[in-house]
Amino acid sequence: MPVLLAEVDPAWDGDPALPVREAVRILGEIGAPAVSAAPLLRRILAQEERLSRPWRGVRILADQAYVRTLTGALEGIDGWGK
């Protein structure tokens, strides 16, 4: 868990080379034992702008994918959004 949480950077700019989305996805797969990650994931999800950099002009698509990943992880962790 600590290794995965260290990869979840609230200031992530969307760089696809960084494992942020993958770490979030894995936290969701872990489920209830990853409940300590839920507050951080909710904070990130609540941010008005999650990605600050326009990676190859697909910032909106990348942000939507990140929102889906965050939402899916929270559903896996504590059933959030169901």
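**Notes on the salt bridges and overall fold**

1. Let's start with Glu-29: its relative accessibility is 57%, so this residue counts as exposed. Keep in mind that we're looking at a predicted model. The side chain of Glu-29 isn't on its own, though, as it meets that of Arg-25 in a salt bridge, with 2.1 Å from N to O. Both residues belong to helix 2 and sit 4 residues apart, about one turn of the helix.

2. Which other residue does Arg-25 pair with in a salt bridge? That would be Glu-22, at 2.3 Å from N to O. This pair is also within helix 2, which covers residues 20-30, and here the spacing is 3 residues, again about one turn. Put together, Glu-22, Arg-25 and Glu-29 make up a network of salt bridges.

3. How accessible are the other two members of that network? Arg-25 comes out at 34% relative accessibility, so it counts as partly exposed. Glu-22 has 38% and therefore falls in the partly exposed class too. For reference, exposed means over 50%, which is the cut-off that Glu-29 passes with its 57%.

4. Now have a look at Glu-49 and Arg-59, whose side chains form a salt bridge at 3.0 Å, N to O. Glu-49 is in the loop between helix 3 (38-46) and helix 4 (59-78), while Arg-59 is in helix 4, so this pair ties together parts that are 10 residues apart in sequence. Glu-49 is exposed, with a relative accessible area of 51%, whereas Arg-59, at 30%, counts as partly exposed. The total for the model is 5 salt bridges, including the ones described here.

5. On the fold itself: there are 4 helices and 0 strands, and the order along the sequence reads α-α-α-α. Contacts between residues 24 or more positions apart make up 62% of those with a separation of 6 or more.

6. Is the radius of gyration in agreement or at odds with that of a compact globule? It agrees, because a compact globule of 82 residues would come out near 12 Å and the protein has 12 Å. The C-alpha atoms fill a box of roughly 35 × 25 × 15 Å along the principal axes.

7. Last, the surface and the charges. Buried residues account for 37% of the 82. The accessible surface is about 4,900 Å², and carbon and sulfur atoms contribute 58% of that. Side chains with charge number 10 positive and 11 negative, and the centres of these two sets are 3 Å apart.

Conventions. Residues are numbered from 1 along each chain as its sequence is written. This is a predicted model: local features need pLDDT of at least 70, side-chain atom pairs count only at pLDDT 80 or more; totals for chains, interfaces and linings use all residues. Side-chain values use heavy atoms; hydrogens and water are left out. A salt bridge is a side-chain nitrogen of Lys or Arg within 4 Å of a carboxyl oxygen of Asp or Glu. Helices (H or I, at least four residues) and strands (E, at least two) are DSSP runs, numbered from the N terminus. Buried means under 20% relative accessible area, exposed over 50%, partly exposed in between (1.4 Å probe, protein chains only). The radius of gyration is taken over C-alpha atoms; the globule rule is 2.2 Å times the number of residues to the power 0.38. Contact means heavy atoms within 4.5 Å. Accessible areas come from the Shrake-Rupley method with a 1.4 Å probe; for residues, only the protein chains shown count as cover. Lys and Arg count as positive and Asp and Glu as negative; His and the chain ends are not counted. The place of a charge is taken as NZ of Lys, CZ of Arg, CG of Asp or CD of Glu.
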